[in-house]
Structure formats: structure tokens, C-alpha cells
Amino acid sequence: MSSGIDCTDECVDAFNALKLKHTTPYIIFKITDDFEEIEVLKQGEKGSSYDDFMEELPENACRYAVYDYEFEDDGRKQSKILFVVWAPDSSKIKEKMLYASSKANFKKKLVGIGNEIQATELSEIDEESVKEKVTRV
């Protein structure tokens, strides 16, 4: 089921810049207050850490995010683009439902995602958990 909430062209453009040019380590997206569309809320500055990214996730509100996650596996540098659905338990039920029902349509427009992570608390997306998820064979 889709909520009918679509993303702005800026969302796709920002994602493609992250994927192809590595212009930013992460992008945070949100559904607008009028529930009309998904927009870019913030782009991380080049050189921002994973901790900087996690600090951007609000305690009581849902967000989508993409993160250009770089890691070493067997001594080789690699990267995967993570799609994060942040829906903390403390966020409003209507908001969680809108984010859940809009996710598939939004994710389809972001071609090139490596892994999806759904999280309701920070421990589910701490760097150790993420590295474990992306390096699984």
C-alpha cells in the first residue's frame, strides 16, 4: 500500500550526487508538514562522521536517510549506500504509518541502494551493527 506521498526532484538529484560524486556522506529526508511530499532536510558536510549522522536523527520524529558507508572488508576499502528508515517508538503513530506506507515508492526512485536498515532506536543503527549487516556474506 502506498500513501501517495512522492518525493521532490531535489531528493533524487541529491541522492545521485551522493552516489556518483560522493558530494556528501549522508542525506536526511522528511515528509513535509503538510504531508504532500518528501523533501531533503539536511546534507552532511564532507568529512562528517557516522556519529555526526546519528546525531541528526531526532528523538521523537521519523526520517528517511541515505548514508554512503565506507568500510574495510578483508583489507579492501568498500562502500555501500545505506537506506535508513528511522521510526523511533516515541514518534506519533500517524507519522510512523505515513513513513512506512511511503517507503517503497520513495526507495524505488533511489536507484543504487546497497542495504536497508529499519531502526526504532539508536542501538539498531550504531556503527558496529551497521558494519555487521553490510559485511554479512
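Is Glu116 buried, partly exposed or exposed? I opened my notebook with that one, and I found Glu116 partly exposed, at 28% relative accessibility. A reminder to myself before going on: this is a predicted model.

**Entry 1: the company Glu116 keeps**

I looked for the charged partner of Glu116 and found a salt bridge with Lys107, where the closest N and O atoms are 2.5 Å apart. Lys107 counts as partly exposed too, with 26% relative accessibility. I then followed the shared partners, and salt bridges join Lys103, Lys107 and Glu116 into one network.

**Entry 2: other salt bridges**

How many salt bridges are there by this rule? I noted a count of five.

Another of my look-ups was Lys109, which forms a salt bridge with Asp6. Their closest N and O atoms are 2.8 Å apart. Lys109 sits in helix 3 and Asp6 in strand 1 (residues 6–7), so this pair ties together parts that are 103 residues apart in sequence. I checked the cover on each side: Lys109 is partly exposed, with a relative accessible area of 32%, and Asp6 is partly exposed with a value of 32%.

Next I turned to Lys30, which forms a salt bridge with Asp33. Here the closest N and O atoms are 3.0 Å apart. What struck me was the cover: Lys30 counts as buried at 12% relative accessibility, whereas Asp33 is exposed at 66%. I wrote down the reason for each label: 12% is under 20%, so Lys30 is called buried, and 66% is over 50%, so Asp33 is called exposed.

**Entry 3: aromatic rings**

I searched the whole structure for aromatic pairs, and the search gave 13. One of them is Tyr67 with Tyr69: the ring centres are 6.3 Å apart and the planes stand at 50°, so I logged this pair as tilted. Tyr69 also pairs with Phe71, with ring centres 5.6 Å apart and planes at 20°, so that pair is stacked. The cut-off helped me here: planes under 30 degrees apart count as stacked, and over 60 as edge-to-face.

Are these three residues buried or exposed? I looked up each in turn. Tyr67 is buried, with a relative accessible area of 6%. Tyr69 is buried at 2%, and Phe71 is buried at 7%.

I then traced the ring pairs outward. They link Tyr67, Tyr69 and Phe71 with Tyr26, Tyr50 and Phe53 into a cluster.

**Entry 4: positive phi in two loops**

I went looking for residues other than glycine with a positive phi, and I noted two of them.

His22 has a positive phi of about 50°, although it is not a glycine. I placed His22 in the loop between helix 1 (9–21) and strand 2 (26–31). His22 is partly exposed, with a relative accessible area of 34%.

Phe35 is a residue other than glycine whose phi is positive, near 60°. Where does Phe35 lie? I found Phe35 in the loop between strand 2 and strand 3 (37–43). At 41% relative accessibility, Phe35 counts as partly exposed.

**Entry 5: a negative patch**

On the surface I came across a negative patch, and I listed its members as Glu45, Asp51, Asp52, Glu55 and Glu127. Which element gives the largest share of this patch? I found that helix 2 (residues 50–55) does, with three residues. I picked out Glu55 for a closer look: Glu55 has its place in helix 2 and counts as exposed, at 65% relative accessibility.

**Entry 6: a last stop at Lys96**

I finished in helix 3 (residues 93–109), where Lys96 is found. Lys96 is partly exposed, with a relative accessible area of 25%. I also took its distance to Phe15: the two are 81 residues apart in sequence and 23 Å apart in space, C-alpha to C-alpha.

Terms used. Residues numbered from 1 in each chain as written. Predicted model: local features only at pLDDT ≥ 70, side-chain atom pairs only at ≥ 80, totals over all residues. Heavy atoms only, no water. Phe/Tyr/Trp six-rings, centres within 6.5 Å; stacked < 30°, edge-to-face > 60°. Buried < 20%, exposed > 50% of the residue type's maximum accessible area, 1.4 Å probe, protein only. Helix = DSSP H or I, 4+ residues; strand = E, 2+ residues; numbered from the N terminus. Patch = residues over 30% accessible without salt bridge, like charges linked within 9 Å, V, L, I, M, F, W, Y side chains within 5 Å. Areas by Shrake-Rupley, 256 points an atom, 1.4 Å probe, with all protein chains shown as cover. Salt bridge = Lys/Arg side-chain N within 4 Å of Asp/Glu carboxyl O. Lys, Arg positive; Asp, Glu negative; His and termini not counted. Charge placed at Lys NZ, Arg CZ, Asp CG, Glu CD.
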